[in-house]
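Here is a quick walk through some local features of this protein. Have the structure open as you read.

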Amino acid sequence: MAKIILTKGGTVIQEMTLTKERTTIGRRAHNDLVIDNLAISGEHAVIITIYNDSFLEDLNSTNGTQVNGHPVTKHFLQHNDVIQMARYKLLYQVDTDEEIKDNRPKMFPVPRPDATITVLDGPSAGKEMLLTKVLTTIGRPGIQVAIVTRRPHGYELTHVEGQTYTRVNDTPLSAGARALKDDDVIDIAGTLMRFSWKAV
């Protein structure tokens, strides 16, 4: 399970386990993590967590959000990432519990058979990725990242990081998830990939 540790000037102020799907951060009292400082916007940012995967999104804050010293609007969080908001820092940490991973299929019904993504160009052309997990990230962290979510009814693609949106069949993804269909072509971080899935 993931957690965040809030510090200021090297002093730990608060530690919070990310138990909710959406954890809001901001100055106003209704946020899950309240940082009472005028440099922090009322609704500054949100962390979206699904199992051990978390995504940070800046909510058009006045002073912005940084991860490891770089300004971000959306970012796929990785273990020990440092999120900075004004003079406050949030250390993101993941406790990789094998029990959680083993229980995923029981907790979350998934469709059969498995879908695949095939790389169409570049040095990895021809490489196939079997989508057996509930969540599969594709792309390059820090440049462009999307996530394929395996649902009971099929598969969905969501853009989570990068100023340029991931494209499906040459159409940019909008906010939110998009259902994937057999033979869709995904363009992410300059690489073309084909999604293949024969629905039962």
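## T166 and its surroundings

Let's start with T166, which sits in the loop between β16 (154–161) and β17. Keep in mind that this is a predicted model. Is T166 buried or exposed? Its relative accessible area is 0%, so T166 counts as buried, the cut-off for that label being under 20%.

What does the T166 side chain touch in the way of polar groups? There is a polar contact, at 3.1 Å, between the side chains of T166 and H159. H159 also turns up in the list of residues that T166 contacts once neighbours within four places in sequence are set aside. The rest of that list is Q144, A146, L157, T171, P172, L173, I186, D187 and I188.

## β20 and the strands beside it

Three of those contacts, I186, D187 and I188, bring us to strand β20, which spans residues 185–188. As a reminder, side chains in a regular strand alternate between the two faces of the sheet. In β20, I186 and I188 make up the covered face, while V185 and D187 are on the uncovered one.

β20 has partners to look at in turn. With β17 the pairing is antiparallel and runs over two bridges, and R167 stands opposite D187 of β20. With β21 (residues 191–196) the pairing is again antiparallel, this time over four bridges, and I188 has T191 in β21 as its bridge partner. β20 and β21 make a hairpin with two residues between the strands, where A189 takes a positive phi near 50°.

## The six-stranded sheet

Zooming out, these strands belong to an open sheet of six strands, paired antiparallel in the order β13-β12-β21-β20-β17-β18. Its edge strands are β13 (128–131) and β18, each of which pairs on one side only.

At the β13 end, β12 (residues 115–119) and β13 are antiparallel and share four bridges. One of the residue pairings there puts T116 opposite its bridge partner L130 in β13.

## β1 and its two partners

Now for a different part of the chain: strand β1, residues 2–8. Five of its seven residues are buried, so β1 is largely enclosed by the rest of the structure. It pairs antiparallel with β11 (residues 88–94) over seven bridges, and I4 stands opposite Y92 in β11.

β1 also pairs antiparallel with β2 (residues 11–17), here over six bridges. K8 has T11 of β2 as its bridge partner. The two strands form a hairpin with two residues between them, and G9 in the turn has a positive phi of about 60°.

## Two asparagines with positive phi

Most residues other than glycine have a negative phi. That makes a couple of asparagines worth a look.

N68 has a positive phi of about 50° without being a glycine. You'll find N68 in the loop between β7 (65–67) and β8 (70–72). Its relative accessibility is 42%, so N68 counts as partly exposed.

N169 is also not a glycine, and its phi is positive, near 55°. Where is N169? It lies in the loop between β17 (167–168) and β18 (171–172), and those strands are part of the six-stranded sheet described above. At 38% relative accessibility, N169 counts as partly exposed.

Terms used: Residues are numbered from 1 along each chain as its sequence is written. This is a predicted model: local features need pLDDT of at least 70, side-chain atom pairs count only at pLDDT 80 or more; totals for chains, interfaces and linings use all residues. Side-chain values use heavy atoms; hydrogens and water are left out. Buried means under 20% relative accessible area, exposed over 50%, partly exposed in between (1.4 Å probe, protein chains only). Two strands pair if DSSP finds at least two bridges between them. A polar contact is a pair of N or O atoms within 3.5 Å; within protein, one must be able to donate a hydrogen and the other to accept it, and residues adjacent in sequence count only if both atoms are side-chain atoms. Contact means heavy atoms within 4.5 Å.
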